[in-house]
Amino acid sequence: MVSHSRDELYRFSEEIFVVGNGNIIQSGNTDSIFNSPINVAIAKLTGCKNFAKIQVINPHRINIPDWGATLDLTREIPQDITWIGYRAHMFEPVWGDKTPNCIKVRLVAKDELPFETNLYFAPDEGDKVNKVDDICWFVQGEMRKIIEQKGMPDYLKISEEKILLLKE
């Protein structure tokens with residue numbers, strides 16, 4: 001089967017071959033492709049919304065200049081990794097004081113949908129606001145009620161196990 005629908009591929013395929021320019025770029029079990037895409041293009045195909053270039057500081061620390069954040073990881077970061085990807089429904093909100101692996105954010109747009117709220121943030125480093133694509137956070141269920149009560153978070157926390165470390 002050939003498809004450009006990620007939902008169709010995920011639902012009906014046990015194994016996927018991602019092809020680009022007539023060559024197989026990545027292949028494997030459907031879950032492994034969606035959970036561990038090897039590059040930005042494949043991560044986009046699997047529905048990831050948030051991307052930024054990174055600088056590897058050391059084998060366990062990366063800087064994300066466009067997001068104004070530095071992340072410390074327990075896993076080792078391969079030297080050929082140049083991008084981070086993070087799925088829009090994976091962020092954790094933080095109100096008040098900053099905790100490790102957070103991005104300071106300010107809300108720039110909001111879409112209220114029947115079953116989720118799509119929030120679009122700009123990274124905010126004090127007085128300096130970065131000029132990059134918005135950071136998308138898709139909020140569902142009980143979290144929608146929490147945000148109604150507490151207001152927008154000051155930070156979005158990035159969980160290490162949910163980070164996609166990607167090549168160009």
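Is phenylalanine 51 buried or exposed? Select phenylalanine 51 in your viewer, and you will find that this residue is buried, with a relative accessible area of 18%; here buried means under 20% relative accessible area, exposed means over 50%, and partly exposed lies in between, with a 1.4 Å probe and protein chains only. Before going on, keep in mind that this is a predicted model, in which local features need pLDDT of at least 70 and side-chain atom pairs count only at pLDDT 80 or more, while totals for chains, interfaces and linings use all residues. Residues are numbered from 1 along each chain as its sequence is written, and side-chain values use heavy atoms, with hydrogens and water left out.

**The whole chain**

Show the full chain, which has four helices and 14 strands; these are DSSP runs numbered from the N terminus, with helices (H or I) of at least four residues and strands (E) of at least two. The radius of gyration, taken over C-alpha atoms, is 17 Å, close to the 15 Å that the globule rule gives for 168 residues, so the chain is as compact as a globular protein of that length; the rule itself is 2.2 Å times the number of residues to the power 0.38. Along its principal axes, the C-alpha trace spans about 45 × 45 × 25 Å. Of the 168 residues, 42% count as buried.

Now colour the chain by pLDDT, the predictor's confidence in each residue on a scale from 0 to 100. The mean for the chain is 92, and 96% of its residues reach 70 or more. Among the elements, strand β8 (residues 92–94) has the highest mean, 98, and strand β11 (residues 128–129) the lowest, 58. Where pLDDT is low, the predicted coordinates should not be read in detail.

**From phenylalanine 51 to the cores**

Return to phenylalanine 51, which lies in strand β3 (residues 50–53). If you draw a distance from its C-alpha atom to that of isoleucine 84, which is 33 residues away along the chain, the viewer should give 5.6 Å. Setting aside neighbours within four places in sequence, the contacts of phenylalanine 51 include Val40, Lys44, Trp67, Ile84 and Leu166, where contact means heavy atoms within 4.5 Å.

Next, select isoleucine 84 and Trp67, the two residues that touch the most other members of the largest nonpolar core, a group of 25 residues. A nonpolar core is a set of buried Ala, Val, Leu, Ile, Met, Phe, Trp, Tyr and Cys residues joined through side-chain atoms within 4.5 Å. Strands that each supply at least two residues of this core include β5 (61–64), β7 (83–86) and β10 (116–125), while the largest share, three residues, comes from β12. Beyond its neighbours within four places in sequence, isoleucine 84 is in contact with residues including Asn50, Ile62, Leu71 and Ile163. A second, separate core has seven residues, among them Ala43, Phe51, Trp83 and Leu164.

**Threonine 117**

Move to threonine 117 in strand β10, a buried residue with a relative accessible area of 7%. Its side chain makes a polar contact of 3.0 Å with the side chain of glutamate 112, and a polar contact of 3.0 Å also joins the side chains of threonine 117 and arginine 144. A polar contact is a pair of N or O atoms within 3.5 Å; within protein, one must be able to donate a hydrogen and the other to accept it, and residues adjacent in sequence count only if both atoms are side-chain atoms.

**Two asparagines in loops**

Which asparagine is in the loop between β1 (15–20) and β2 (23–29)? Select asparagine 21, which has its place there and is exposed, with a relative accessible area of 81%. Its phi is positive, about 55 degrees, although it is not a glycine. Asparagine 101, in the loop between β8 and β9, counts as buried at 12% relative accessibility, and its phi is near 60 degrees, a positive value in a residue other than glycine.

**Last stop: aspartate 134**

Finally, select aspartate 134 in the loop between β11 and β12, which is partly exposed, with a relative accessible area of 36%. The C-alpha atoms of aspartate 134 and tyrosine 120 are 5.6 Å from each other, with the two residues 14 apart along the chain. Not counting residues up to four places away in sequence, aspartate 134 touches Asn50, Val108, Tyr120 and Phe121.
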